[in-house]
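Student: I am new to this structure and would like a close look at a single part of it. Please take the salt bridges and go through them slowly.

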Amino acid sequence: MTYDVQHWIAGAETPGSGSTQPILNPATGEQVGTLHLGDASTVDRAVEVAAAAQREWSQVSLSKRTQILYRMRQLMIEHTDEIAEVITREHGKTVADAKGEIARGLETLEFATSITQDLKGGFSENVSSGVDAHTMRQPLGVVAGITPFNFPAMVPFWMHPVAIATGNAFILKPSERDPSASSIVARLYQEAGLPDGVFQVVQGGKEVVDALCAHDGISAVSFVGSTPIAKHVHQAASATGKRVQALGGANNHAVVMPDANIEFAAAQIASGAFGSAGERCMAVPVAVTVGDVHERFLEAIAAEARKLRVGPGSDPSTDMPPVITADAKARVLRMTDEAEQAGGRIVVDGRGLVVEGFENGNFVGPTVITDLDATHPTYTDEVFGPLLVVMHVDNFDEAVALVNSSPFGNGTAIFTDSGHYARRYQEEIQVGMIGVNVPIPTPVGYYSFGGWKDSLFGEHHAHGPEAVGFYTRQKAITTRWPAQNETVESSMSFPTHD
């Protein structure tokens, strides 16, 4: 039995343009639902409703806004199992992993409940004789978020809680591959007491993305996805005067120093490389061994990879689920074939894996490759699958140079017992997020998330303090209250603060 997923506009499920596409279960290949797609007219309707709702929402007290967000937090906790189940069904990840992303998304919601602190302005008395100055932050209006398939709960939560808490109305365009989590979130916002129209969901593909980027009624666009589309969104939305934060792809490196605990490093890197089948922008598709630890590390990482049980995410014993689509599986297999043909050594081969009872699923086993040239696409390109390339360099300086040569700058990690090298790595590496003996250094919700170089387009990182700046405009106000009978002579000179 399949189900329909529609838009959520003006507080209710809303039909789309008439076009549909199937929602598939990655573990079985079977259709589990039908997604009703939107078009430019759907976006027009959502913006019209959002604009009207935002005018009233922006006047709601900060106290009442945060009370609604507190209720939303409780509802999300109560419905975690429901949301995790639908994520596993449509994305494929394990239930435990789905619950983990919901918990991480709640960190941003919790940050947003303290928005009263972050919206405090500054005040200076008597900046000039009898003149005071203060600042205030106000919402942008209607803002939009375009989010990827790999975190259907967490990544949208990087955006909408802060946008809503700061007084904006938010329109979400989730991935077409796993859209149902956002529909549940919309229903829970309504149950929490959020006025209809402040949070809406428009389902669709490129037509909806382009309509959101072009619409005059939208003031800002947040995006997370691949680098080519991040560039497109940044250019298209910026061309119409919008604020844009567009988080792109990654090819994160984990450096293993000679003094590292090799077994610990291998276990952590295996988690980063193969968790959620490697379909994370903070995954670890590259390990870099330094000095004489290369073969020891290969043995250790191979042992970790071979321990993993691959299967459907609905099975509690599964360690690694399928990738999202048949095309994603084909890409990982092709990159493995090309690496082998170029002389790469296949240490662990994930090709040919068949999961009994799920023969039509998008399964590929953990794969470890070494002895690749640094120019080969299997090393340089974003894999977004359970494929780990292990590179080797002679010393720390070469490791830094290799990491910095990547066009991406999202996340990186170093495994070492040396404070000296850890500190140098933090200083010298050209990457936005760094882990020291931590494979996936995703900041907590009250810090901000974002990379450098081709991993970020725009000035603002996601969630945390930078999100407050992104979703608001600052005003500076200078005031003077002369006595009613005070006479002040006019002056044509430029004003000073004497």
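Tutor: What follows is a walk through the salt bridges around one helix and the strands after it, with a short look at an aromatic pair at the end.

This is a predicted model, in which local features need pLDDT of at least 70 and side-chain atom pairs count only at pLDDT 80 or more, while totals for chains, interfaces and linings use all residues. Residues are numbered from 1 along each chain as its sequence is written, and side-chain values use heavy atoms, with hydrogens and water left out.

A salt bridge here is a side-chain nitrogen of Lys or Arg within 4 Å of a carboxyl oxygen of Asp or Glu. By this rule the count comes to 20. One of them links Arg351 with Asp337, and its closest N and O atoms are 2.6 Å apart. Because Arg351 sits in the loop between strand S15 (345–348) and strand S16 (367–370) while Asp337 sits in helix H12, this bridge ties together parts that are 14 residues apart in sequence. Helices (H or I, at least four residues) and strands (E, at least two) are DSSP runs, numbered from the N terminus.

Arg351 is partly exposed at 23% relative accessibility, and Asp337 is partly exposed at 30%. The terms have cut-offs: buried is under 20% relative accessible area, exposed is over 50%, and partly exposed is in between (1.4 Å probe, protein chains only).

A further bridge joins the side chains of Asp371 and Arg345, at 3.1 Å from N to O. Asp371 belongs to the loop between S16 and helix H13 (377–380) and Arg345 to strand S15, so the pair connects parts 26 residues apart in sequence. Asp371 is partly exposed at 46%, as is Arg345 at 33%. Salt bridges with shared partners also join Asp337, Glu340, Asp349 and Arg351 into one network.

Helix H12 spans residues 326–341 and also holds Glu338. Glu338 is partly exposed, at 28% relative accessible area. Its C-alpha atom is 7.5 Å from that of Thr378, although the two residues are 40 apart along the chain.

Elsewhere, the side chains of Glu101 and Lys93 form a salt bridge at 2.7 Å, N to O. Both Glu101 and Lys93 are buried.

Last, the whole structure has nine aromatic pairs. Rings of Phe, Tyr and Trp (its six-membered ring) pair if their centres lie within 6.5 Å; planes under 30 degrees apart count as stacked, over 60 as edge-to-face and the rest as tilted. Phe396 and Tyr425 are an edge-to-face pair, 6.4 Å centre to centre with 65° between the planes.
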